[in-house]
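Here are my notes on the model you sent. They are set out as numbered points, to be read with the structure open.

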Amino acid sequence: MSHGPRSGLAAVSSALLAMSRHLEVRDVLKTIVASARELLDAEYAALGVPDDHGGFAQFVVDGVSDEQWKAIGPLPRQHGILAAMLHEARPERLADVRKDPRFEGWPSAHPDLADFLGLPIRDGDEVIGALFLANKLHPEGGHPPCEQPQSGCGFTEEDEELLGILAQHAAIALTNARLYERSRELTIAEERSRLAHELHDAVSQKLFSLRLTAQAAATLVDRDPARAKGELHQVATLAAEAADELRAAVVELRPAALDEDGLVATLRTQIQVLDRAHTARVTFTGRGVKALPAAQEEAVLRVAQEALHNALRHSGAEHVDVTLARRGSGAVLRVTDDGSGFDPRTVRRAGRHLGLVSMRDRANGAGGRLTVESAPGKGTTIEMEVPGG
């Protein structure tokens, strides 16, 4: 691979194009990490975004296989060199990271690292992440990383400058992601406020009339059964009208993102937001799903939201995985967590449904079916299948 401004501009251009084309922040970060690794001839590259609990909300790597990543285990904590990047906020270029006094080791499945280059990612005065590179490759490529940094194979000042350029663009991507999240949150808040007004204006008056009519029927049961019967018919009519008004208000709440982006992109975006907002790892895979009818898409989204809420708020899961795959002309949604699990029969007997009734109603209403597999200490899997058009 040739070095110099041309290769640097090409890598930066690739990252910028990715940021301009997608709202999926993780995809953008992967592009930045891959560009940094290729540009600087490193065996490994990573980008970490810290959370507020001493760990990382996101940690994107390049050069590590999926099997290696699973074997390594949970996301790293903020200690050693990683902490230096975030808290001391200065570049680190080391001939051998293992000989640094701050080195604290890594899991047994972690690849062996030697020469190291890391830069903080800044948004003004705030450090919002860090870029890491390790194991500079020989210039001719295709060889193992340098084991003797003094031979001239280690990271250079030029490498540090180029990584600094990518770090600046990573800051732009992360800042845009935060703004996007906030705009989504504001949109949700505005929609909830609108719904509250809709429900008050369209439904509450009918419910008030229903209550008065029911009270009148109760007073007439003994002394005028015929009139009481008429009032009860009126109760049934008012209840049906209220239900229709409520259903109409809820139907209007079909998320705008479904119409704009489609089901897969909407799910991916929402799951990425949850992945950043929670300590648990939340992942999403969409495979071959075609556009579904509006009712099916909304039902899938709502069930996914409810299942994710349960997993993240109640189960204590460390990992929640969501998959959406094509099945025939329809699709199947699966939400799996490694949390505490529960006995579905006990939950039903205790009157605590954890949203299961609502999810089943949504599945049935969309012509689909919902199954729940769970046991204490065994995690939970919720699967929903819906037909296509």
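1. Two strands are taken as paired if DSSP finds at least two bridges between them. The model is a predicted one. On that criterion, strand β8 (residues 330–337) and strand β10 are joined by seven bridges and run antiparallel. A331 is placed opposite V386 of β10.

2. Some overall figures for the protein chain. There are 11 helices and 10 strands. Of the 389 residues, 44% are buried. The accessible surface is about 20600 Å², and carbon and sulfur atoms hold 52% of that area. Among contacts with a separation of 6 or more, 61% are between residues 24 or more positions apart.

3. Which strands stand beside each other in the sheet that contains β10, and in what order? The order is β6-β7-β8-β10-β9, an open sheet of five strands with mixed pairing. β6 and β9 are at the edges with a single partner strand each, so each has one side without a neighbour in the sheet. From one strand to the next, the twist averages 10°. Helix α8 packs on this sheet and touches β6 and β7; the direction of α8 makes about 170° with that of β6.

4. The pairings inside this sheet can be followed strand by strand. β7 and β8 are antiparallel, with eight bridges, and D321 has T336 of β8 as its bridge partner. β10 also pairs with strand β9 (residues 369–374), again in the antiparallel sense, through six bridges. Here R369 is matched with E385 of β10. β9 and β10 make a hairpin with five residues between them, and G377 in the turn has a positive phi of about 80°.

5. Is strand β10 mostly covered or mostly exposed? Strand β10 (residues 380–386) is mostly covered, with six of its seven residues buried.

6. The largest nonpolar core is made up of 35 residues, and L263, L267, L324, L333, L370 and M384 have the most contacts inside it. At least two residues each come from α8 (263–277), β6 (281–287), α9 (294–314), β7 (319–327), β8, α11 (356–365), β9 and β10. α9 gives the largest share, nine residues. In soluble globular proteins, nonpolar side chains tend to be buried together.

7. L333 is worth inspecting in the viewer. Leaving aside residues up to four places away in sequence, L333 touches V300, V303, A304, V322, T323, L324, I382, E383 and M384. Another core, of 27 residues, lies apart from the largest one; L29, L117, I128 and A167 are among its members.

8. The other sheet to check is also open and has five strands, in the order β2-β1-β5-β4-β3, with antiparallel pairing. β2 (56–62) and β3 are the edge strands, each paired on one side only. The twist of this sheet averages 15° from one strand to the next. Helix α4 (residues 80–88) packs on the sheet and touches β1, β2, β3, β4 and β5, and the direction of α4 makes about 145° with that of β5.

9. Within that sheet, strand β1 (residues 42–50) and strand β5 (residues 126–136) are antiparallel partners over six bridges. Y44 stands opposite A134 of β5.

10. How many aromatic pairs are counted? The count is three. One of them is the pair of F116 and F132, which is tilted, at 6.2 Å centre to centre and 40° between the planes. F116 belongs to strand β4 and F132 to strand β5, so this pair ties together parts that are 16 residues apart in sequence. Both F116 and F132 are buried. F59, W69, F116 and F132 make up one aromatic cluster.

11. A last point concerns a loop. P107 sits in the loop between β3 (92–94) and β4 (116–123). The relative accessible area of P107 is 38%, which makes this residue partly exposed, because that class lies between the buried limit of 20% and the exposed limit of 50%. P107 and A71 are 36 residues apart in sequence, and the C-alpha to C-alpha distance is 8.9 Å.

How values were computed. Residues are numbered from 1 along each chain as its sequence is written. This is a predicted model: local features need pLDDT of at least 70, side-chain atom pairs count only at pLDDT 80 or more; totals for chains, interfaces and linings use all residues. Side-chain values use heavy atoms; hydrogens and water are left out. Helices (H or I, at least four residues) and strands (E, at least two) are DSSP runs, numbered from the N terminus. Buried means under 20% relative accessible area, exposed over 50%, partly exposed in between (1.4 Å probe, protein chains only). Contact means heavy atoms within 4.5 Å. Accessible areas come from the Shrake-Rupley method with a 1.4 Å probe; for residues, only the protein chains shown count as cover. A nonpolar core is a set of buried Ala, Val, Leu, Ile, Met, Phe, Trp, Tyr and Cys residues joined through side-chain atoms within 4.5 Å. Axes are lines fitted to C-alpha atoms, for helices over the stretch in contact, and angles run from 0 to 180 degrees between N-to-C directions. Rings of Phe, Tyr and Trp (its six-membered ring) pair if their centres lie within 6.5 Å; planes under 30 degrees apart count as stacked, over 60 as edge-to-face and the rest as tilted.
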